[in-house]
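These are my notebook entries on one structure. I set down what I looked up, entry by entry.

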Number of protein chains: 2
Amino acid sequence: MHTCEHCEARSFNMCNALDADELARLASIMSDQRFEAGTTFIEEGAPADDLFNLTSGTVKVFKLLADGRCQITGFMMAGDFLGLSRGGTYAYSATAITPVTCCRFQRPQLRGLFNELPKIERQMLGLAMNELMAAQDQMVLLGRKTARERIASFLLSLSDRAVRRGRPGNPVELPMTRGDIADYLGLTTETVSRTFTQLKGEAVILLKGNHGVDIQDLDALVEIAGQEDREACFHPFDQIA
Amino acid sequence: MHTCEHCEARSFNMCNALDADELARLASIMSDQRFEAGTTFIEEGAPADDLFNLTSGTVKVFKLLADGRCQITGFMMAGDFLGLSRGGTYAYSATAITPVTCCRFQRPQLRGLFNELPKIERQMLGLAMNELMAAQDQMVLLGRKTARERIASFLLSLSDRAVRRGRPGNPVELPMTRGDIADYLGLTTETVSRTFTQLKGEAVILLKGNHGVDIQDLDALVEIAGQEDREACFHPFDQIA
DNA sequence: CACAGGCATTGATTCAGGTCAAGGATTGTT
DNA sequence: AACAATCCTTGACCTGAATCAATGCCTGTG
């Protein structure tokens, strides 16, 4: 049984602000859950009964067009929450790309807890704002960056996220496939592959099998990504006011 | 002097949940402000001292790359809030594209009010979630839709927003320039113009000068936009839980 | 260990949308 | 009314990334 006190995701998720008693209260309405790699546990359009808070593993969040085109709107990791709804149904689908553990909440119960512990609500507002800012960065990437810039930005942002979670920023772990990366960056598998090869040829990165990239020349990568505001990239707990 | 009781934005912004006393409390820390068309009143990177709540007019929110490429992340209208910050500085720039009126709050004071009136915080969480879902839709558009699909989706979403604000959904008002539309949809001015011309040629729309579009064949436009989930498009007050 | 199925790379070719360039239509100003 | 100044449209051409098509490489399974 998972206990919140030892949760490795605790320092950067919605539980962060809670003391031991409040944590126990939260735990009482929560159930631990595990999903195998490949499991789609949220389906766009299905009744949005639950909310999830990831504690380990990586999840892809995506939307599909009628003809099968896919846009991945984010890769979720420990501390991220999942389950946005629109009119009572999920706004997107979510599939585990590695084995995943998470806390599961039923909506009505969580709503009750919000009234009891407004701190949680505030914490979630902060998380939502951060996600909104990340979404805006992604719009810049999708609307205005070249394939090369997209790949460079992607590697840097994965590296940053790893560091923020207390893991090494290099080499970068890529749990997802080339196809997933393409669906996240608005490209095709082939273009992703070609761009990796190109950066490898320039000695900017080194490919370590299919799921790892060693950054050999960080400055060059930052230069290519063209995002002046790199360090400003993610204050963990900005609040709206 | 503007009074909250008669505010036309009240029914769809963060003040929605407040009673008369609470509204007065809010008004006490707020100042009315007006900006002429063309005024950039939020600059990315500047100290984020204020938060704004639009009451009329249209604002473009955008981010710039070092070489001048621009991505507009949203057009804000009555009821929308502005002023997201990251590490104490604004996360984007904002320019009025029509004359704009808004309520201005100083951050520290608003923070104090959040503690007093948690209802506001909840209301803002709902607004933020809605914005996040809109951002995800925009990622699908930017990453995976064709120019034709983008333009059709754009016209429909403007029409929907007008209806939600109690205005006619047709003809659609376009206060922004072709260049702004391009910067929002990840296209160029020329492609926007050509696509309008093409849709006009197919009798799907009718151009009414530079700032109006008459939708002649709504079904065709919906078909072209390819967004199955049109009616689900924006429950005004979905809450996180 | 072998082998099957998915995943990744690479090459050849195409095409949607970008770029460059020239007029035409609005809009606000004196 | 004449004018800039800006915005919009249209045309000709180009190019970055998509598509089509092999082939090679992992990785998990019996």
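**Entry 1: a strand pair and its sheet.** I looked up L64(A) and found that L64(A) stands opposite C70(A) in β5(A). Strand β4 (residues 59-64) of chain A and β5(A) pair in the antiparallel sense over six bridges. Two strands count as paired if DSSP finds at least two bridges between them; helices (H or I, at least four residues) and strands (E, at least two) are DSSP runs, numbered from the N terminus. This is a predicted model, in which local features need pLDDT of at least 70 and side-chain atom pairs count only at pLDDT 80 or more, while totals for chains, interfaces and linings use all residues. Residues are numbered from 1 along each chain as its sequence is written, chains are lettered from A and ligands numbered from 1 in the order in which they are written, and side-chain values use heavy atoms, with hydrogens and water left out.

I then traced the sheet that holds this pair. The sheet is open and has four strands in the order β2-β9-β4-β5 (chain A), with antiparallel pairing. At its edges I noted β2 (40-42) and β5 (70-76) of chain A, each of which pairs on one side only. From one strand to the next the twist averages 30 degrees.

**Entry 2: another sheet of chain A.** I found an open sheet of four strands, ordered β1-β10-β3-β6 (chain A) and paired in the antiparallel sense. β1 (30-35) and β6 (81-82) of chain A stand at the edges with a single partner strand each, so one side of each is left without a neighbour in the sheet. I followed β1(A) to β10 (residues 100-106) of chain A, with which β1(A) forms an antiparallel pair over six bridges. Q33(A) stands opposite C102(A) in β10(A). Helix α2 (residues 107-116) of chain A packs on the sheet and touches β3 (50-56) and β10 of chain A; contact means heavy atoms within 4.5 Å. The direction of α2 makes about 75 degrees with that of β10(A). Here axes are lines fitted to C-alpha atoms, for helices over the stretch in contact, and angles run from 0 to 180 degrees between N-to-C directions.

**Entry 3: the two protein chains.** I checked how chain B relates to chain A. A turn of 180 degrees and a shift of 0.0 Å along the axis lay chain B on chain A with an RMSD of 0.0 Å. That is the relation of a two-fold axis. The copies were superposed by least squares on the C-alpha atoms of residues with pLDDT of at least 70 in both. I also noted that 100% of the interface residues of chain B are interface residues in chain A as well, so the copies meet through the same surface.

**Entry 4: DNA strand D.** Which residues come nearest to DNA strand D? Of the 18 residues around the strand, they are T191(A), R194(A), R178(B), S193(B) and T197(B); a residue is near if one of its heavy atoms lies within 4 Å. The largest share of this surface, five residues, comes from α6(B). By class, the surface has three nonpolar, ten polar and five charged residues.

I listed polar contacts, meaning pairs of N or O atoms within 3.5 Å. The side chain of T188(A) has an N or O atom 3.1 Å from a phosphate oxygen of DNA strand D. For E190(A), a side-chain N or O atom is 3.1 Å from a base nitrogen of DNA strand D. For R194(A), such an atom is 2.7 Å from a base oxygen of DNA strand D.

**Entry 5: DNA strand C.** I repeated the search for DNA strand C, where R178(A), R194(A), T197(A), T191(B) and R194(B) come nearest of the 18 residues around the strand. Sugar and phosphate account for 61% of the atoms of DNA strand C within 4 Å of the protein. α6(A) gives the largest share of the surface near DNA strand C, five residues. A phosphate oxygen of DNA strand C is 2.7 Å from a side-chain N or O atom of T197(A). A phosphate oxygen is also 2.5 Å from a side-chain N or O atom of T191(B). With A147(B), the atom 2.9 Å from a phosphate oxygen is a polar backbone atom.

**Entry 6: backbone details.** I found a cis peptide bond between N170(A) and P171(A), with omega about -5 degrees. P171(A) lies in the loop between α4 (147-164) and β11 (172-173) of chain A. In chain B, a cis peptide bond joins N170(B) and P171(B).

Key
A polar contact is a pair of N or O atoms within 3.5 Å; within protein, one must be able to donate a hydrogen and the other to accept it, and residues adjacent in sequence count only if both atoms are side-chain atoms. Ala, Val, Leu, Ile, Met, Phe, Trp, Tyr, Cys and Pro count as nonpolar, Asp, Glu, Lys and Arg as charged, and the others, Gly among them, as polar.
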